[in-house]
Amino acid sequence: MDLLAADFGGAGQIGMGVGPVLEKFDAVSRIAVLRGGGLGDLIFALPAMAALKAAYPGSTITLLGTPIHKALLAAVQSPVDDVVVLPFAEGVRPGKEEAAELDRFFASMRARNFDVAVQLHGGGRYSNPFLLRLGARHTAGTRTADAARLERTVPYLYYQHEPLRALEVAGLAGARPIDLEARLSPAPGAAASKAGTSHQPLVVVHPGATDTRRRWPAAKFADVAAACAADGSRVVIIGDRSEQDLAAGIAARAASPAVKSVAGSLNIEGLVALLVDADVVVANDSGPRHLAQALGVPTVGIFWVGNVINAGALGRSLHRIHASWATACPTCGIDITQVGWTAPRCAHNDSLVAGIDVADVLRDVVSLTTTSAGQDA
């Protein structure tokens with residue numbers, strides 16, 4: 001039986017970060033980082049990439065990511081020098097896989113002669129073989145017991161804060177932490193927000209989430225929006241095209257001229273500009289909430305407790321978390337704490353966070369909005 005344990009690949013330990021910090025690799029000038037997924041997935045990986053950049057000054061970091069990653073990194077300043085969009089590949093980027101396209105991709109990547117390839121994309125069942133095909137001199141990443149071996153690996157156990165997990169991997173590549181969480185700022189010359197200047201506080205609301213079980217009920221978001229508007233704030237509801245009806249329904253229910261939806265109308269640059277102008281962002285556990293946090297904007301997040309462990313903000317000066325302690329599906333009762341790709345998943349998509357109270361969320365929104373206004377004065 002293959003035991004799940006750290007593998008240092010023969011390197012010595014020189015210090016401690018989130019985990020052991022190992023000896024650096026020699027003569028590193030080109031680093032590839034594999035991280036697919038959405039906005040939040042990228043943001044979780046940014047502290048590790050900042051650490052790698054600091055450990056190997058003068059090196060270039062190429063992110064193997066997704067189109068939304070490429071769009072975001074064009075709109076902000078980050079440690080990433082280059083983004084290559086991943087081809088469709090099982091377990092790495094969902095979509096119809098084409099062998100010829102994969103062959104072209106790997107031939108192009110091998111021609112770059114990466115010195116180090118770092119896997120920050122899950123437990124490695126699919127991503128470790130993918131990473132090995134890059135042909136890098138050195139490899140590091142996470143690994144479940146059934147995944148292909150890399151040169152240096154951290155055991156992948158589902159419940160771990162994602163940015164800290166990535167930093168632990170960076171430590172195995174010889175990089176000490178610089179930041180524990182992502183820090184972003186708009187790119188020089190970025191477009192300004194179209195929200196307009198006003199002395200009224202700006203509250204941005206994101207009611208969506210990829211997993212519908214992480215969504216707070218629309219009616220409760222509407223109640224928060226209406227209360228904020230009645231208290232003198234402007235409220236802007238955001239979302240992608242798939243969330244336009246959700247956002248429009250919330251705006252209609254709030255029934256205030258101070259509440260409007262821009263869901264589906266913003267590109268990434270516009271989203272960054274709007275978030276930077278916000279006094280507080282109210283959202284589920286979602287990419288826009290994580291992006292707001294990385295931009296230094298106060299947030300009130302609504303989380304299922306398991307997601308707090310993996311994705312919650314570490315600080316409480318600027319960020320508040322409301323956690324649902326549900327441990328069973330509200331419809332069938334299946335244990336929902338057993339998560340990850342090996343866990344059973346029932347067919348129900350009922351909200352796991354519906355029990356979180358509007359008054360509790362609103363109290364934090366008001367507190368952070370008042371604090372933000374005071375700091376700007």
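In this predicted model, aspartate 364 and arginine 320 form a salt bridge, with their closest N and O atoms 3.2 Å apart. The two partners sit in distant parts of the chain, 44 residues apart. Aspartate 364 belongs to helix α11 (residues 358–376), and arginine 320 to strand β16. Aspartate 364 counts as buried because its relative accessibility is 15%, and the limit for buried is under 20%.

Salt bridges that share partners also occur here. They join Arg30, Asp115 and Arg137 into one network.

**Salt bridges**

Side chains of opposite charge can pair when their charged atoms come close. The whole structure holds 14 salt bridges. Three of the pairs are set out below.

| Acidic residue | Basic residue | N to O distance | Separation in sequence |
|---|---|---|---|
| Aspartate 82 | Arginine 112 | 2.6 Å | 30 residues |
| Aspartate 285 | Arginine 214 | 3.6 Å | 71 residues |
| Aspartate 364 | Arginine 320 | 3.2 Å | 44 residues |

Take the pair of aspartate 82 and arginine 112, which meet at 2.6 Å, N to O. Aspartate 82 lies in strand β6 (residues 82–85), while arginine 112 lies in the loop between α3 (99–110) and β7 (116–119). Is aspartate 82 buried or partly exposed? Aspartate 82 counts as partly exposed, because its relative accessibility is 27%. Arginine 112 is partly exposed too, at 31%.

Next comes the pair of aspartate 285 and arginine 214, joined at 3.6 Å. Both residues sit in loops. Aspartate 285 is between β14 (280–284) and α9 (287–294). Arginine 214 is between β11 (202–206) and α6 (218–230). Aspartate 285 has a relative accessibility of 5%, so it counts as buried. Arginine 214 is buried as well, with a relative accessible area of 18%.

**Nonpolar cores**

The largest nonpolar core has 56 residues. Which residues have the most contacts inside it? They are Ile31, Val33, Leu46, Met49, Leu52, Leu275 and Leu291. Helix α1 (residues 39–55) supplies the largest share of this core, 10 residues.

Leucine 52 shows what such contacts look like. Beyond its neighbours within four places in sequence, leucine 52 is in contact with Ile31, Val33, Ile61, Val118, Ala170, Ala173 and Ala175. Two of these partners, Ile31 and Val33, are also on the list of residues with the most contacts inside the core.

Another core, of 33 residues, lies apart from the largest one. Among its members are Val203, Ile237, Ala247 and Val305.

**Threonine 139**

Threonine 139 is placed in strand β8 (residues 138–143). Its relative accessibility is 7%, so threonine 139 counts as buried. What does the side chain of threonine 139 reach? It reaches the backbone nitrogen of glutamate 151, at 2.9 Å. Leaving out residues up to four places away in sequence, threonine 139 touches Phe25, Ala117, Leu131, Leu132, Leu150, Glu151 and Arg152. Glu151 thus appears both as a touching residue and as the owner of that backbone nitrogen.

**A nonpolar surface patch**

Val18, Leu180 and Leu314 form a nonpolar patch on the surface. Together they have about 230 Å² of accessible area. Leucine 314 lies in the loop between α10 (305–311) and β16 (319–324). Its relative accessibility is 41%, which means that leucine 314 counts as partly exposed. Strand β16 follows this loop and holds arginine 320, the partner of aspartate 364.

Terms used
Residues are numbered from 1 along each chain as its sequence is written. This is a predicted model: local features need pLDDT of at least 70, side-chain atom pairs count only at pLDDT 80 or more; totals for chains, interfaces and linings use all residues. Side-chain values use heavy atoms; hydrogens and water are left out. Patches are made of residues with over 30% relative accessible area and no salt bridge: like charges are joined within 9 Å, nonpolar side chains (Val, Leu, Ile, Met, Phe, Trp, Tyr) within 5 Å. Accessible areas come from the Shrake-Rupley method with a 1.4 Å probe; for residues, only the protein chains shown count as cover. A salt bridge is a side-chain nitrogen of Lys or Arg within 4 Å of a carboxyl oxygen of Asp or Glu. Helices (H or I, at least four residues) and strands (E, at least two) are DSSP runs, numbered from the N terminus. Buried means under 20% relative accessible area, exposed over 50%, partly exposed in between (1.4 Å probe, protein chains only). A polar contact is a pair of N or O atoms within 3.5 Å; within protein, one must be able to donate a hydrogen and the other to accept it, and residues adjacent in sequence count only if both atoms are side-chain atoms. Contact means heavy atoms within 4.5 Å. A nonpolar core is a set of buried Ala, Val, Leu, Ile, Met, Phe, Trp, Tyr and Cys residues joined through side-chain atoms within 4.5 Å.
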